[in-house]
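Q: I should like to go through a structure step by step. Could we take the empty spaces, the cores, the disulfides and a few single residues in turn?

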Amino acid sequence: YGLRYDYSTYSREQYGRFGTFDPRVANTQAGGHPGGVTYGATCKCEFASNYKLGFGPRLSGAYQLNSKTVLRGGGALLMNGTPDTGILARSVTSVNQVFSTAFAQAPMTLGNGVPLTRAQIAYPNFDPSRFPVAAVPGTPGASTTYWIDRNGGRPSRSFQWSVGVQREILKSLAVDLSYVGNRGAWWPTSGGLNFNANTPESLKAAGLDITTASARAILAAPIGSAAAGPFQNKLPYTGYPLTATVAQSLRPFPQFTNTPTPLWAPLGASWYNSLQMRVIQRMSHGLSVSYNFTWSKTLTNGIEGQINDVFNRQQNKYLSSLDRPLVSNINITYTAPAPSFTQNKLARYAMRDWTLGALLTYASGTPILVPNASANLLSTQLFQTNSYLNRVPGQPLFLQDLNCHCFDPTKTLVLNPAAWSLPAAGTFGTSAAYYDDYRNQRRPVENFNVGRTFRIRESMSLALRAEFVNIFNR
């Protein structure tokens, strides 16, 4: 039994020059519309909370049933460190984008040098309205700041457990059989947040049902045109361009064409369950063999960036892109004895003690990502790009067995296009990102090695070794 305590803080820039997006700050570039930047040096505040309850208990035990059988089990709560990525120069300084004042006018001359942007006039620059950097003030542009999550100081954790039995079959042969699992929570999410998207609910509140053609036509229309209908000239802030779309104007922060990058939001989760078997043949007559077999399933939600519907997080729990349900590893080592067919000392010395080894891995293929449903225009209406095609019931996923070695991959179509259909316009797909029966080819890994160490004297030896990776080129 044991207990470990971990305390990790969220990353900070020591002089407070690092900023976070703040939805409460008025942005003067957008006519005072909310959506600016707050800096540690100016607010004298903490952007995130540090987690103080990082206790990790662990317990394990073993019980010997008899001289040949042992039962083992254990569990542990493991705390990870807080993420330390993301504090980059782009949130402290600004890229100098130089724009022309008018058509056919040079944006700069060498004689006058490169003009400074408002973000570069002073350093450090704590201007809460420094973004977006746009050619014309008020024009929507990209935000290169981060939105630090309030729980960014919370480390991820995993609960790991196993229970198994070890049995000696013969004097040099033992078998282990175990159930091994873990459950991870509070992983930093990847691609699972969009703070500047239109939601179907927010559009309905504005009188637009995105599933109808009329609403989609209004959303795509310039706000200054008659096609905008009731939204014509209904600007979100003074200076908003009449050529921008209605959909852009309805975003929570219409001055930005993207979303502030979420940083350290601990919303990811993982699940792993496996049955593991190990057979060990200990050294006998120079030969040692071990065989490891794993039957497992790995699920994730919000960790790998494959998000189907960002507004319904629970629907995004599916297979990991690295899931391989069946894995076999074979490790063989053989040490050659002195040959018995000759008594010549030189020949016996030259031929003995060579070590031959093989590491062979045979496993299921990794899952294939379901095709993206980019044609349903969610990227220009909701500004949410990830969604997947719907799986067509009864249609085979493959036109060929990927593992049959019976087709020319340069001439034969193997994935069935009819197995997928486009979701209705304005809706998210219902497919998972990965399916258990939609996998890549199996890729055997077969490595071989041979070597020997010649002992010349106590302080000198000569080692020879050759490695053959993927020896059968499969």
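The conversation below goes through these topics one after another.

Q: Before we begin, what kind of model is this?
A: This is a predicted model.

Q: Right, empty spaces. How do people look for them at all?
A: Rolling a probe the size of a water molecule over the atoms shows where empty space is left.

Q: And how many cavities of 30 Å³ or more are there here?
A: There are two cavities of that size in the structure. The largest has a volume of about 50 Å³, and the second largest has a volume of about 30 Å³.

Q: Which residues line the largest cavity?
A: Its lining consists of Thr-300, Asn-301, Gly-302, Ile-303, Glu-304, Gly-305, Gln-306, Ile-307, Tyr-318, Leu-319 and Tyr-434. Two elements, strand 11 (287–301) and strand 12 (318–319), each give two or more residues to this lining.

Q: What is that lining like by class?
A: Five of its residues are nonpolar, five are polar and one is charged.

Q: What about the lining of the second largest cavity, by class?
A: That lining has five nonpolar residues, four polar residues and no charged residues. Among the residues that line the second largest cavity are Gln-29, Pro-132, Tyr-237 and Gln-255.

Q: New topic: nonpolar cores. What is the general idea?
A: In soluble globular proteins, nonpolar side chains tend to be buried together.

Q: Which members of the largest nonpolar core touch the most other members?
A: They are Leu-203, Leu-208, Leu-219, Phe-231, Val-246 and Leu-382, in a core of 19 residues. Helix 3 (213–220) and helix 4 (246–249) each supply at least two residues of this core. The largest share comes from helix 3, with three residues.

Q: What is Val-246 in contact with, leaving aside neighbours within four places in sequence?
A: With those neighbours left out, Val-246 has contacts with Ile-218, Leu-219, Ala-221, Ile-223, Ala-228 and Phe-231.

Q: And which residues does the second core include?
A: The second core is separate and has 18 residues, including Leu-319, Ala-373, Tyr-388 and Ala-433. Leu-319 also appears in the lining of the largest cavity.

Q: Back to helix 4 for a moment. Is Ser-249 buried or exposed?
A: Ser-249, which has its place in helix 4, is buried, because its relative accessible area is 9% and the cut-off for buried is under 20%. Apart from neighbours within four places in sequence, Ser-249 is in contact with Ile-223, Pro-236, Tyr-240 and Pro-254.

Q: Now disulfides. What is one, in plain terms?
A: A disulfide is a covalent bond between the sulfur atoms of two cysteines.

Q: How many disulfides are there here?
A: The count comes to two disulfides. Cys-43 is joined to Cys-45, with an S to S distance of 1.9 Å. Cys-404 and Cys-406 form a disulfide as well, with their sulfur atoms 1.9 Å apart. With the bonded cysteines counted along the chain, the pattern is 1-2, 3-4.

Q: Why is the disulfide of Cys-43 and Cys-45 called left-handed?
A: The torsion about its S-S bond is about -80 degrees, so the disulfide is left-handed. The link of Cys-404 and Cys-406 is also left-handed, with -75 degrees about the S-S bond.

Q: Is Cys-406 buried or exposed?
A: Cys-406 counts as exposed, because its relative accessibility is 52% and exposed means over 50%. Its partner Cys-404 is partly exposed at 25%. In the other disulfide, Cys-43 is partly exposed at 27%, and Cys-45 is partly exposed at 33%.

Q: Last topic: single residues. Where does Asp-149 lie?
A: Asp-149 lies in the loop between strand 6 (146–148) and strand 7 (157–170). Asp-149 counts as buried, because its relative accessibility is 19% and the limit is under 20%. Leaving out residues up to four places away in sequence, Asp-149 touches Phe-47, Ala-48, Leu-263, Trp-264, Ala-265 and Pro-266.

Q: And Glu-446, buried or exposed?
A: Glu-446 is buried, with a relative accessible area of 3%. Glu-446 lies in strand 17 (residues 445–457). Not counting residues up to four places away in sequence, Glu-446 touches several residues, among them Leu-359, Tyr-362, Phe-468, Ile-471 and Arg-474.

Conventions. Residues are numbered from 1 along each chain as its sequence is written. This is a predicted model: local features need pLDDT of at least 70, side-chain atom pairs count only at pLDDT 80 or more; totals for chains, interfaces and linings use all residues. Side-chain values use heavy atoms; hydrogens and water are left out. On a 1 Å grid over the protein atoms alone, a cavity is a set of points where a 1.4 Å probe fits but cannot get out, and a pocket is an open set with protein on both sides within 12 Å along at least five of seven lines; lining residues have an atom within 4 Å of a point. Grid points are joined across faces, edges and corners, and a volume is the space filled by probe spheres set on the points. Helices (H or I, at least four residues) and strands (E, at least two) are DSSP runs, numbered from the N terminus. Ala, Val, Leu, Ile, Met, Phe, Trp, Tyr, Cys and Pro count as nonpolar, Asp, Glu, Lys and Arg as charged, and the others, Gly among them, as polar. A nonpolar core is a set of buried Ala, Val, Leu, Ile, Met, Phe, Trp, Tyr and Cys residues joined through side-chain atoms within 4.5 Å. Buried means under 20% relative accessible area, exposed over 50%, partly exposed in between (1.4 Å probe, protein chains only). Contact means heavy atoms within 4.5 Å. A disulfide is a pair of cysteine sulfur atoms within 2.5 Å.
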